[in-house]
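This briefing covers a ligand, its surroundings and the empty spaces in a protein model. Please keep the sequence and the 3D structure in view while reading.

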Amino acid sequence: MTYDVAAVRAHFPALREGAAHFDGPGGSQTPDIVARAVHDTLVSAVANRGAVTPAERRAEQIVVECRAALGDLLGSDPRGIVFGRSATALTYDLSRALARTWGPGDEVVVTRLDHDSNIRPWVQAAGAVGATVRWVDFDPATGELPVEAVAEQLSDRTRLVATTAASNLIGTRPPVAEIARLVHDAGALYWVDGVHATAHTLVDRPGVGADFWTCSPYKFLGPHCGVLAADPTLLETLTMDKLLPSSDDVPERFELGTLPYELMAGTTAAVEFLAGLATADWSVAEGADSQAEDEDAGRLVDRPTRRSRLVASFAALEEHEARLAARLEAEIRDLPGLRVYSNAAHRTPTLLFTIDGKDPQEVRRALADKGINAPASNFYALECSRSLGLGETGAVRTGLAPYTDDEDVDRLIEALRAIV
Ligand SMILES: Cc1ncc(COP(=O)(O)O)c(C=O)c1O
C-alpha cells in the first residue's frame with residue numbers, strides 16, 4: 001500500500017501557510033481532527049469526573065478513552081498511563097518519588113546523548129539524597145551509544161538507568177532492549193525517554209523492557225502535554241506528595257490537580273489519526289474494539305484493532321520517512337562544507353548539520369527566508385551538543401514528519417545548495 005501523503009497533508013490547516021516544516025522534532029503541526037476534538041470538548045458540557053450528570057460522565061469517558069488510546073500506542077497497560085503537563089514535568093515528579101527509595105552509596109546512570117530533561121532531574125534528585133551519578137558517553141564520531149558503554153557504568157549499587165530511545169539532536173536510536181536486559185540483570189529500573197522516538201516508530205514498552213517510557217503528544221500530532229507509561233504494579237510501589245483529599249489510586253496519584261480533558265480528547269484523536277495513516281482513512285470509529293456490530297447484517301464482524309492499525313500505519317510511515325531521508329541525505333551529505341553529525345547506523349530521520357564558515361543562526365535565517373522551517377540550537381540536548389564540539393550553540397536540525405513530502409525535500413535541497 002502506498003503512503004498517501006497528499007491525503008495526510010489535507011488534514012493539516014497549518015500547511016496552507018506554505019512553509020516546509022522540518023521543525024517536527026521540536027513539535028509537529030496539528031491535524032484538523034485533533035483540533036476539532038479539543039474544540040468540541042471545550043464547547044461540550046464537561047464537569048469533574050463522575051457518574052451522575054452527562055457532563056461528569058463525558059469527562060470520565062474522555063479520560064478512559066485517552067488512557068486506552070495511549071495504551072494502544074505504547075503497547076502498555078492503560079492503567080499505568082500517567083497524563084501530565086510535559087515529559088519534563090513528569091520526569092521531575094517521578095525522579096523525586098523514586099529518589100525517596102535511594103540513599104548515599106546508591107547509583108543512578110545517565111547519558112550524554114540525552115535531552116536535559118532525562119539528565120538534570122536525575123542528577124538533582126540523586127544530589128538531594130546523596131546518591132552518586134554515573135555518566136555514559138556516546139561516540140561523537142559515530143553517534144553510537146553502545147550497550148557496552150552502559151554496562152561499564154552498572155554495579156550492584158545501580159538503582160536506575162535513564163537513557164533516550166532516540167536522540168532529539170542527532171537521531172541515534174540506542175539498543176534499548178539490550179540495555180534493558182543489562183539494567184534488569186543489575187537489579188535496577190530502566191527509565192526511557194521516548195519523546196523523540198515515539199513520533200517515528202511504534203512503541204512496545206513492555207516488549208523492549210522499559211520500566212518507564214515518557215512521550216509528548218505534541219511531537220506526534222497531538223496537543224501540548226506529556227505522558228508516562230509504566231506497569232501499574234510498579235507505580236503502586238511509589239509514593240508522591242499529594243493533596244489530602246485527592247485520590248491515592250494509580251495513576252491518579254501522579255496526576256496532580258484537575259486533568260486537561262480537552263488535551264486528553266485531542267491526544268486520543270492524535271492516536272486515531274496515526275492509526276489511519278496506512279489507509280488514509282480516518283472514518284473508523286474511535287475505540288479499540290476488535291469486533292463490532294455490523295449494522296446492515298446485524299452480525300458480529302472482525303474489525304482491525306487500533307493497535308493493528310497502528311502497526312500497519314507506523315510501518316507505512318517508517319517507509320515514507322526512510323525514503324525521504326535517503327533522498328535528502330544523498331543530495332546534501334556531499335555538499336561542500338556541510339558537516340552532518342547524525343551518523344548512527346540506527347536512527348530517526350533527524351539530521352543535525354553545520355556549514356563551514358557560517359553561523360547556524362545565519363543558515364537557519366537563510367532557510368526561513370525561503371519558507372523552510374529548520375531551527376538551529378542545542379535543542380536542550382546540551383551535553384550531547386557539547387560532546388559533539390558544538391557547545392551551547394548547537395547546529396541546524398531538520399526532521400521529517402508524517403506530512404513531509406517530496407516537494408518539501410526538494411525545497412530544502414535546493415536552498416542548501418544555494419547557501420553552501
Ligand atoms: C528527546 C526529548 N526528550 C524530552 C523532551 C521534553 O519534552 P517536554 O517538552 O514534553 O517536556 C524533548 C522535547 O524536545 C525531547 O525532544
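In this predicted model, the ligand is surrounded by Ser-86, Ala-87, Thr-88, His-115, Ser-117, Asn-168, Asp-193, Val-195, His-196, Ser-216, Tyr-218 and Lys-219. Sorted by class, this shell holds three nonpolar, seven polar and two charged residues. The ligand sits in the largest pocket.

**Polar contacts of the ligand**

- Lys-219 has an N or O atom in its side chain that is 2.6 Å from an oxygen atom of the ligand.
- The side chain of Ser-216 also takes part, with a polar atom 2.7 Å from a ligand oxygen atom.
- Ala-87 contributes through its backbone instead: a polar backbone atom there is 2.8 Å from an oxygen atom of the ligand.
- The ligand taken alone exposes 390 Å², and the protein buries 89% of that area.

**The largest pocket**

- The space in the largest pocket, where the ligand sits, comes to about 420 Å³.
- Its lining consists of 22 residues, and those nearest the pocket centre are Thr-88, His-115, Val-195, Tyr-218 and Lys-219.
- Each of these five names also appears among the residues that surround the ligand.
- By class, the pocket lining divides into seven nonpolar, 11 polar and four charged residues.

**The largest cavity**

- The model has two cavities of 30 Å³ or more.
- The largest cavity has a volume of about 110 Å³.
- It is lined by 15 residues, and Gly-24, Ala-199, His-200, Lys-219 and Leu-400 lie nearest its centre.
- Lys-219 therefore has a place in two lists, since a residue counts as lining when one of its atoms is within 4 Å of a grid point: it lines the largest cavity and the largest pocket.
- Nine nonpolar, four polar and two charged residues make up the lining of the largest cavity.

**The second largest cavity**

- The second largest cavity holds about 30 Å³ of space.
- Its lining is formed by Ala-325, Leu-328, Glu-329, Pro-349, Leu-351, Thr-398 and Leu-400.
- Leu-400 is thus named for both cavities, as a lining residue here and as one of the residues nearest the centre of the largest cavity.
- Helix 11 (residues 306–332) supplies the largest share of this lining, with three residues.
- By class, the lining of the second largest cavity has five nonpolar residues, one polar and one charged.

Note on methods: Residues are numbered from 1 along each chain as its sequence is written. This is a predicted model: local features need pLDDT of at least 70, side-chain atom pairs count only at pLDDT 80 or more; totals for chains, interfaces and linings use all residues. Side-chain values use heavy atoms; hydrogens and water are left out. A residue is near a molecule or strand if one of its heavy atoms lies within 4 Å of it. A polar contact is a pair of N or O atoms within 3.5 Å; within protein, one must be able to donate a hydrogen and the other to accept it, and residues adjacent in sequence count only if both atoms are side-chain atoms. Accessible areas come from the Shrake-Rupley method with a 1.4 Å probe; for residues, only the protein chains shown count as cover. On a 1 Å grid over the protein atoms alone, a cavity is a set of points where a 1.4 Å probe fits but cannot get out, and a pocket is an open set with protein on both sides within 12 Å along at least five of seven lines; lining residues have an atom within 4 Å of a point. A molecule sits in a cavity or pocket if more than half of its atoms lie within 2 Å of its grid points. Ala, Val, Leu, Ile, Met, Phe, Trp, Tyr, Cys and Pro count as nonpolar, Asp, Glu, Lys and Arg as charged, and the others, Gly among them, as polar. Grid points are joined across faces, edges and corners, and a volume is the space filled by probe spheres set on the points. Helices (H or I, at least four residues) and strands (E, at least two) are DSSP runs, numbered from the N terminus.
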